[in-house]
Amino acid sequence: MATQVDLILHNAQYVVVVDVQASVLRNVSIAVKDEKIFGIVPIDQENQWQSSKVIDCSHHLVMPGLINTHTHTPMTLLRGVAEDVDLQGFLEKVWAEEARIMDEKGTYIGAKLGALEALLGGTTCTLDMYLHPHMAHKGAVEVGLRHLIGPVFFDFAGPDGLEWDKRIEHLRNWPKVIKEIGGAYAPLVAQPHSTYTVSPEHLAEVAKVAKEIGAIFNTHISENQAENEDVIKRHGKTPTKVLQDAQALDNAVFAHAVKLTDDDRNIIKENKVSLSHCPGSNLKLASGAFEWVKAKEKGINVSLGTDGCSSSNDLDMWNVMRSAANLARLITEDAAAIPVAEVVRAATYGGALALGMQDRIGTVEVGKDADLIVLDLDQPHLVPVGDPHGLLVYAAGRSDVVHVLVAGDPVIVDRISTKVDMNQVISEARIHSAK
Ligand SMILES: [Zn+2]
């Protein structure tokens, strides 16, 4: 008798597995049961399963959902507020706008808009960072995104007006908040903004509490030269050294890392810190070029991020993959600097590894959570397929993603959300950003 499963992805033309061998399967069916990938079999063995939900994938490519390891999702509402300025000019403009519209309600509305944008573009999991994190989490989870976020820290009160002790209290209470909101499993996160907005003593305090509750430690480092110079002037050492001395390298994910010294890279490698490379934002703000090849030579785990919509204007991980691949090739003048399969792996498995979720997501393998995306190959720009990894990095884009599963739940079907009224999310965002 056939085994009852929750859903079958029938006859996938291609499956990009993202395992170490960079396998690509042809004409297989995938069964999903109890949130997980239950089986992957050749099409003629599919009759061992039965399900009332069958999605035809015979002209499609199935792959793991993309994992965005650095963004500020609610900042979708601040899209386009700071053009033609560098990081410091950007921060000035953005902080003023945040004070105007990014209260709890704005954060919630922006998170819903951003989560919808992310999912429609094939991103299934996001490491987010924003003020009012409980509201950002609530919004993102309602739309169906696997969403990691935690309390954010500045030495000063910040646009949310919270004093330091309140922020620490918020972090201690965070496991409870995450549990109450629900949604797909997501680890805890503690998020001091940077080494230029949080003192070494405060960084050490956050790292200590993060360890106590088992949270990822996530911050921005060495985004551009001016930041490095500012931190060196204040503390006599680079941001990475400041974090090392604050004992803030355990279970850590650092965003940007554009201006690293060899010494910084050694510290990052030795402490198994993951980096989130955000080429879209680094290029736009003229921050510099992240040296992916140097990180790779050291054996550092590199994942990819979009950064927020006021510094890179969208949450498009396809654009990020392409920019990252091209940037690595350009600065090394080596067309094989980072091969296409490694770029796809950084956008999926690399993200999972950064978040400590490599046993759960990031590849299409039996037993993993079913965070899967399905691309429609019946598009002129996707014919012929050629090298499937090359297709994904250099030809595919967000609008090719037709179905999205998060923990086995089909949250996007035929490019429509099954969780929220998309027109309502868009209209609420429009109204709030114009207020
Ligand atoms: Zn950022």
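**A walk from helix α1 to the core**

Select helix α1 and find the side where Gln-88, Glu-92, Trp-95 and Ala-96 are exposed. Bear in mind that this is a predicted model.

Now turn the helix over. Leu-87, Phe-90, Val-94 and Glu-98 are the buried residues of α1. Look down the helix axis and you will find them within an arc of 60°, so they line one face of α1. To see part of what covers these buried residues, add α7 (225-235) to your selection. For the length of α1, pick the C-alpha atoms of residues 87 and 101: the 15 residues reach 21 Å, close to the 21 Å expected at 1.5 Å a residue.

Next, head for the largest nonpolar core, which has 138 residues. Good ones to highlight are Val-62, Leu-119, Met-321, Val-343 and Val-344, those with the most contacts inside this core. Then colour helix α2 (residues 104-120), which gives the core its largest share, 9 residues. Colour domain 1 (3-65 + 364-417) and domain 2 (74-354) as well: both give residues to this core, so it lies between them.

Stay a moment with Val-343. Which residues is Val-343 in contact with, leaving aside its neighbours within four places in sequence? Show Met-321, Ala-324, Ala-325, Ile-338 and Val-393 and you have them.

Finally, zoom out to the whole chain, with its 16 helices and 20 strands. The C-alpha trace spans about 65 × 45 × 40 Å along its principal axes. Of the 435 residues, 55% are buried. The radius of gyration is 21 Å, which agrees with the value near 22 Å for a compact globule of 435 residues.

Notes
Residues are numbered from 1 along each chain as its sequence is written. This is a predicted model: local features need pLDDT of at least 70, side-chain atom pairs count only at pLDDT 80 or more; totals for chains, interfaces and linings use all residues. A nonpolar core is a set of buried Ala, Val, Leu, Ile, Met, Phe, Trp, Tyr and Cys residues joined through C-beta atoms within 7 Å. A residue is buried if 20 or more other C-beta atoms lie within 10 Å of its own, exposed if 12 or fewer, and partly exposed in between; C-beta atoms are placed from the backbone. Helices (H or I, at least four residues) and strands (E, at least two) are DSSP runs, numbered from the N terminus. Domain bounds come from an automatic or database domain assignment. Two residues are in contact if their C-beta atoms, placed from the backbone, lie within 7 Å. The expected span of a helix is 1.5 Å times one less than its number of residues. The arc is that of the directions from the helix axis to the C-beta atoms. The radius of gyration is taken over C-alpha atoms; the globule rule is 2.2 Å times the number of residues to the power 0.38.
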